[in-house]
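Colleague: Could you take a close look at the backbone turns of this model, and at the buried charge that belongs with them? I would like one connected account rather than a list.

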Amino acid sequence: MREFELTNVKITSDFWKNYLKLIKEETIPYQLQVLKDDIAVDVQAERKDDSLPAGKSHAIENFKIAAGLSEGEHFGWFFQDSDVYKWIESVGVILQSQPDADLEIQADEVIDIIEKAQENDGYLDTYFQLKYPKLKYRQLYFSHELYCAGHLIEAAIAYDKATGKGKLLTVAKRFVDNIAEHFGYEDNQIQGADGHQEIELALVKLYDYTGDDRYLRLAQFFIDVRGKDVDFYQKEVDANLAEGLSDDNPIIDLEYLQAYAQPQNQKHAVGHAVRMLYMATGMAKVVSRDFDSDLYQACLEIWDDIVKRKMYVTGGVGSTVHGEAFVGPYDLPNDTMYCETCAAIALLYFAYEMFQISPKAEYIDVMERVLYNGILSGAAIDGKHFFYVNPLEVDVDSCHHNPGKGHVKTQRPDWLGCACCPPNFARTIGSIGRYIYLESGSGIYLNLYIASQLQGADFTLEQKTNFPYGNTVDIIYHGPQKSLYLQEPYWAEELVVDCERAHILQKEEHRVKVFLEDGAHLILHFKQSILGIICNPEVRENIGKIAIQKGPFIYCAQSVQNADLKYYRIDPKLIGQSYFEEMEENFKECVNLKIPCQKVECWQKETLYQFDIENTNVLSELVLIPYYLWGNQGETDMQVWFPMVRRNTT
Ligand code: FUB
Ligand code: ZN
């Protein structure tokens, strides 16, 4: 399959144009100010733990110090460099469709500093350069050197594509040369992988961009070597202790690192969620380019494990703060979960790669689910506040007082000491044009319904639609005869396709194949009803509960609109009587969804338990909003899943 360059996909959707504008005009400038410590913002630790870095970013200052342009010490996480790389990548993807000389100058200045910070041999990692030079490439279980290298590579490609200025790409390639010299299966090389995956997928991108086969081979090496020697990380620790280089003697958790077996032998999603999914993305990328049936089988099994047993209805993943990790099947607590924004983003990446190997509708379903819910919730509508953890249920009081929920923030902070998510959000949403179409042979896959104009090598295709809010999509095609594969969204009760100068060739599960002639005009009609969702009863948390979805959006309710939120019960019979009401200013097209429901009648607050189980409900109305918008109106309780009103059994 072939991707289209961002320059060939012009977004015309109001919904997504607003996001691109927000990223360019608010998020990117704001993030630069934070990364430079130019503005006073509340930089919070990602969870309640006084030992975690917070208070400032210092990310660009670390590079300045390493470059000899400033004096001081490294501050922040050992992967703080990656915040800057992801910011540059955001600039790169935005500049590809919206050139901006001033923004380019700002990015060039940052790139100049990075270039100066690089050592003569190509090594570049400010944490180890400034703090522990003797431990370079010697603490891979935690070091993130190659994770940062991966983000550098991705940034360099995006920026080179946008500007043709190869400086950062040269820096990245020099770092990769240094890595290639140190890592490999030769006797004098390190036969291990970074504890945090990322370089694998980035090297495949570098291979695609340069055509240089060495990068693909290095990506394959990093996948293959993980878990090959399960004692690798322990030996590394022992050697550092023996040589007096470090007194760090951690318990190595091989599941957390996905290093308990080689990736081709892994069957489950375990351990740290972002690592798991960046690894799976890298594996799938390798499979697409150099097919390996064992690796593909592992991708399929990991995929199934996630989407059948470990994914929230919002597309969020990672059920626990402990190790920011996956847990066992069907263990999906709504109020203590992790659902890190980066993990949701990584699921989007994995799904997109899996689709490119085998274009099944289910991959697009997951992409859409996670995009419109678990990813978009990561940022506030001002583009300047960010969630790290994306809960499905928040009780403000409990979050403040229950230490088990210390990681569940009730409002999006200005910034985070561990700031992996904010720039990840910017680079991903800034690249939205990448996910709409794909090309294979003489077929075009239309995956996401987003109003846009696609310029192919020998054709143009235009989508006109108000989606995600509208019910119809117009598609106008000019070019030689081609097949068009249309995704039938999983929530669409029916998809009717009217064709002019085109005809339907095949209807299969969730996919319609259409034959296009020059001048083809299709009109798609979806039925986008308000739907109640129930969950597999294996998920204890959601037994007897219902959630609401319309189109791609999962809805939630907040206590700012619904006092005593936990008293509400949804009656499935009444969902059909729901209606929309315009919302106040900020939300533009978005609407309040009002559902007639039942509410527990005023309970005597002093009573914890009672015997009278009858007649405790009164008719009421529940106001819901799309989940991704929650938390934009101040601190509030929030719920996605609601108890269902009991129904008679027969
Ligand atoms: O370790 C780098 C990033 O920070 C991870 O991907 C996130 O989960 C956070 O731990
Ligand atoms: Zn993150």
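Modeller: A residue is called buried below, meaning under 20% relative accessible area, exposed if over 50%, and partly exposed in between (1.4 Å probe, protein chains only). The model is predicted, so local features need pLDDT of at least 70 and side-chain atom pairs pLDDT 80 or more, while totals for chains, interfaces and linings use all residues. Residues are numbered from 1 along each chain as written, chains are lettered from A and ligands numbered from 1 in written order, and side-chain values rest on heavy atoms, without hydrogens or water.

Most residues other than glycine have a negative phi, and most peptide bonds are trans. Against that background, Tyr137 has a phi near 55°, a positive value in a residue that is not a glycine. Tyr137 belongs to the loop that joins helix H5 (126–130) to H6, where helices are DSSP runs of H or I with at least four residues and strands are E runs of at least two, numbered from the N terminus. With a relative accessible area of 6%, Tyr137 is buried.

Asp564 likewise carries a positive phi, of about 55°, although it is not a glycine. The surroundings of Asp564 are the loop between strand S15 (553–558) and strand S16 (568–569), and at 38% relative accessibility Asp564 counts as partly exposed.

For the peptide bonds, the one to look at runs from Phe467 to Pro468, which is cis, with omega near 15°. Pro468 sits in the loop between strand S8 (460–465) and strand S9 (472–478).

The buried charge is Glu236, whose place is in helix H10 (residues 232–242). Glu236 is buried but has no salt bridge, a term kept here for a side-chain nitrogen of Lys or Arg within 4 Å of a carboxyl oxygen of Asp or Glu. The nearest side chain of opposite charge is that of Arg138, 7.2 Å away from Glu236; Lys and Arg count as positive, Asp and Glu as negative, with His and chain ends not counted.

What, then, lies 2.6 Å from a polar atom of the side chain of Glu236? The partner is the backbone nitrogen of Leu140. In the picture that results, Glu236 is buried without a salt bridge, yet a polar atom of the Glu236 side chain has the backbone nitrogen of Leu140 at 2.6 Å.

Conventions: Polar contact = N/O pair within 3.5 Å; in protein donor to acceptor, adjacent residues only side chain to side chain.
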